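Colleague: I am new to this structure and would like a close look at a single part of it. Please take one pairing of strands as the starting point and work outward from there.

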Amino acid sequence: YRSETNSKYKEQALKFVEEGKIALGTSLYTNLLQPQKPMGACVVLPCDMRKGINVIKQELEPHILNGVGTGFDLSDTDEPVRVLNFLNETLREYDAKTQRPPAGIAILDVTHKDIMSFINAKRNADYNDWRFNISVIMPNEFIQRVISGETIRLTDGKILPARQIFENVLDSMHYCGEPGIIFRDNVERANPLPNHKYKGIASCAEIALENGEMCLFSHLNLNSFYDKKTNRIDFDAMKEAASSLAGLLDNVIDINLSEKVGKDNIASQKRRFGIGVCGFADLLANMNIPYGSKKAQKVLADCLEVINFSSKQTSMKLAKERGKFPLFDESRYGEKEFLERHSENSPITQSQWDELYGDIQSFGLRNATTTALPPTGSSSRIIGASYSIEPYFSLKGNKIFEQKLKELNLPAELHKKVVDEVNKTGSCQNLEFLPQSFREIFRLGNEINYGEHLHIVGTAQKFVDDGISKTVNFDNSATVDDI
C-alpha cells in the first residue's frame with residue numbers, strides 16, 4: 001500500500017490481513033519487498049521457435065526465477081511435443097533455485113496436425129519429472145461436430161472424425177488425468193475486450209491472458225466472515241474486505257509497472273486483477289451444510305456476488321479518483337447485460353446493480369477484470385483455511401471437524417475410534433455409528449458425487465470474471481464413460 005495516500009485504507013487492509021480475512025497471493029509474500037520482482041502469479045509468453053531455443057530460454061528464465069508460472073500456446077509451432085519437452089526440461093533445471101516451485105501450462109488447438117501426439121504426451125510420464133500441465137483448445141464448432149458425427153480437417157490437410165479426437169482426449173484423461181480442455185469460445189465470451197483476443201492461460205487455468213500479460217491474485221477467506229452467534233455470514237464485513245483488497249491490488253499493479261515487470265505495457269492498458277476465495281469448505285462445515293447441496297450453492301452464490309459487486313464498485317470509485325483503465329472505451333462495460341451477468345439480485349439488489357452500471361458509464365472502471373478463482377494452495381495454508389472452493393481432501397488435523405466431533409458427546413471409546421480412523425484414512429465415512437447428517441457434512445473430495453462438484457463449479461462461474469481452478473474428483477472405479 002505504499003502508493004496509497006489515505007492512511008485509513010492502509011490500516012483497514014492491514015487489519016483484514018492480520019485477522020486472516022485477506023489471504024495475500026503467494027507471489028506478493030515472496031516478492032513484495034524485492035525491487036524488480038513481479039508480484040504476479042502467472043504470465044503468458046509467445047513461443048516463436050524461429051528465435052531459437054536459447055532465446056526462448058533467456059526470455060523464460062527471469063519468470064522462472066521470480067516464481068511466476070508460465071503459459072504457452074503451441075498452436076503455431078511445427079513440433080509441439082518436442083517444444084513441450086524442451087520447456088518442461090527448462091523448468092526442471094530451476095527446481096532448486098526458486099522460492100516457489102516452477103509451473104507451466106501448454107495448450108494446443110484441436111486442429112493441429114500433431115494433436116494426437118500432444119494428447120498422449122504425458123500418458124506414460126513420470127509425474128515427478130513434469131512441471132507442465134497440458135490442455136487442448138476446442139471451439140464450440142468442434143464439439144458440435146463431435147455430437148453430429150462429422151469430421152474435421154487438421155492443419156496438414158488430414159481428415160479425422162471429430163469424435164475420434166474427443167474420445168482420445170477422454171481416454172487419456174481417464175488414464176492419467178490429462179490433457180484438460182479449453183473451451184475457447186466460452187473463454188472469449190467472457191472477455192471484456194473483444195479486440196484483444198486471449199493467447200494463453202495461467203498454469204492452473206483460472207485466467208486467460210494475452211502474450212506478455214501477467215495475472216495478479218489475492219483471496220478472501222469466506223469462513224472468516226461467519227458469525228457463530230447468529231449462524232450467518234457478515235456480508236457487510238465481506239464488502240469492506242473485498243473493497244480493501246481491490247484497492248490493494250490496484251496499488252500492486254502500479255508497483256509492478258514502476259518496477260518495469262511485464263511486457264508490452266499490456267498490464268497498464270488493462271489493469272486486471274483477480275480476487276479469489278478460500279475457506280469455503282470451512283464455512284460450510286461451520287454452518288452444517290453439505291458440499292454440493294442447494295444450500296451450499298446458495299451460500300457460494302451470495303458470497304461471490306457480493307465480492308464481484310464490491311470489487312467492481314471499488315474499481316469504479318478508483319476510476320473516478322485516478323482514471324479508468326486505458327482500454328475502457330473499447331470494453332463491453334457499455335453493455336448493461338455484460339456487467340449484470342453476475343447478478344442474481346441477492347444479497348445485492350437489482351437497483352444496486354443498476355446504480356453501479358450508471359456510475360460506470362459516468363466514470364468508467366479502473367480494472368478490466370476483478371475476480372477469478374485460483375487454487376490458493378500456499379495462500380490457504382499460510383492462514384489455515386481450506387483451499388479455494390474445494391471440499392476437504394482429508395480430515396486429519398482439521399480443527400472444525402475436531403470441534404464438531406466434540407459437540408457430538410460420544411462415549412470416550414467411540415470418540416477415540418473416530419480419531420484413530422481419521423488419523424489412519426483421513427475419512428469418517430465408514431464409521432456408521434456417526435450420524436448420517438454429520439458424515440454428510442464431512443465428505444471428502446472423492447466421496448462427493450462428480451455431479452455435485454459440477455454444480456458448485458457452475459454456480460461459481462456465473463459470478464466470476466475469469467476462470468476457476470477446481471478439481472472434479474472421481475472414485476477410482478470411474479469409467480471413461482463417466483469422464
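In which sense do strand β2 and β3 pair, and over how many bridges?

Modeller: This is a predicted model. Strand β2, residues 42–44, pairs with β3 in the parallel sense, and three bridges join them. One residue pair shows where they meet: Val-43 has Thr-70 of β3 as its bridge partner. In general, the strands of a sheet pair through backbone hydrogen bonds, and the pairing can be parallel or antiparallel.

The two strands belong to an open sheet of six strands, ordered β8-β5-β4-β3-β2-β11, in which the pairing is mixed. At the edges of this sheet are β8 (180–183) and β11 (214–215), each of which pairs on one side only.

Next comes a helix that packs against some of these strands. Among the elements that cover the buried residues of α4 are β3 (69–73), β4 (104–109) and β5 (132–138). The cover also includes two helices, α3 (53–65) and α5 (115–119). Helix α4 itself runs over residues 80–92, 13 residues in all. From first C-alpha to last it reaches 18 Å, close to the 18 Å expected at 1.5 Å a residue. Its buried residues are Pro-80, Val-83, Leu-84, Phe-86, Leu-87, Asn-88, Thr-90 and Leu-91.

Earlier in the sequence, helix α2 (residues 26–31) contains Ser-27. Ser-27 has a relative accessible area of 3%; buried means under 20%, so Ser-27 counts as buried. Leaving aside residues up to four places away in sequence, Ser-27 touches Leu-32, Pro-38, Met-39, Gly-40, Ala-41 and Arg-100.

Another parallel pairing can be set beside that of β2 and β3. Strand β12 (residues 217–221) and β15 run parallel and are joined by five bridges. Here Phe-217 has Gly-274 of β15 as its bridge partner. Strand β15 covers residues 274–278, and because five of its five residues are buried, the strand is largely enclosed by the rest of the structure. Both of its faces are covered: Gly-274, Gly-276 and Cys-278 are buried on one side, and Ile-275 and Val-277 on the other.

For a contrast with these buried residues, turn to the surface. Tyr-450, Leu-454 and Val-472 form a nonpolar patch there, with about 230 Å² of accessible area together. Val-472 lies in the segment after α19 (450–461). With a relative accessible area of 30%, Val-472 is partly exposed.

Definitions and conventions
Residues numbered from 1 in each chain as written. Predicted model: local features only at pLDDT ≥ 70, side-chain atom pairs only at ≥ 80, totals over all residues. Heavy atoms only, no water. Helix = DSSP H or I, 4+ residues; strand = E, 2+ residues; numbered from the N terminus. Expected span 1.5 Å × (residues − 1). Buried < 20%, exposed > 50% of the residue type's maximum accessible area, 1.4 Å probe, protein only. Contact = heavy atoms within 4.5 Å. Patch = residues over 30% accessible without salt bridge, like charges linked within 9 Å, V, L, I, M, F, W, Y side chains within 5 Å. Areas by Shrake-Rupley, 256 points an atom, 1.4 Å probe, with all protein chains shown as cover. Salt bridge = Lys/Arg side-chain N within 4 Å of Asp/Glu carboxyl O. Pairing = 2+ DSSP bridges.
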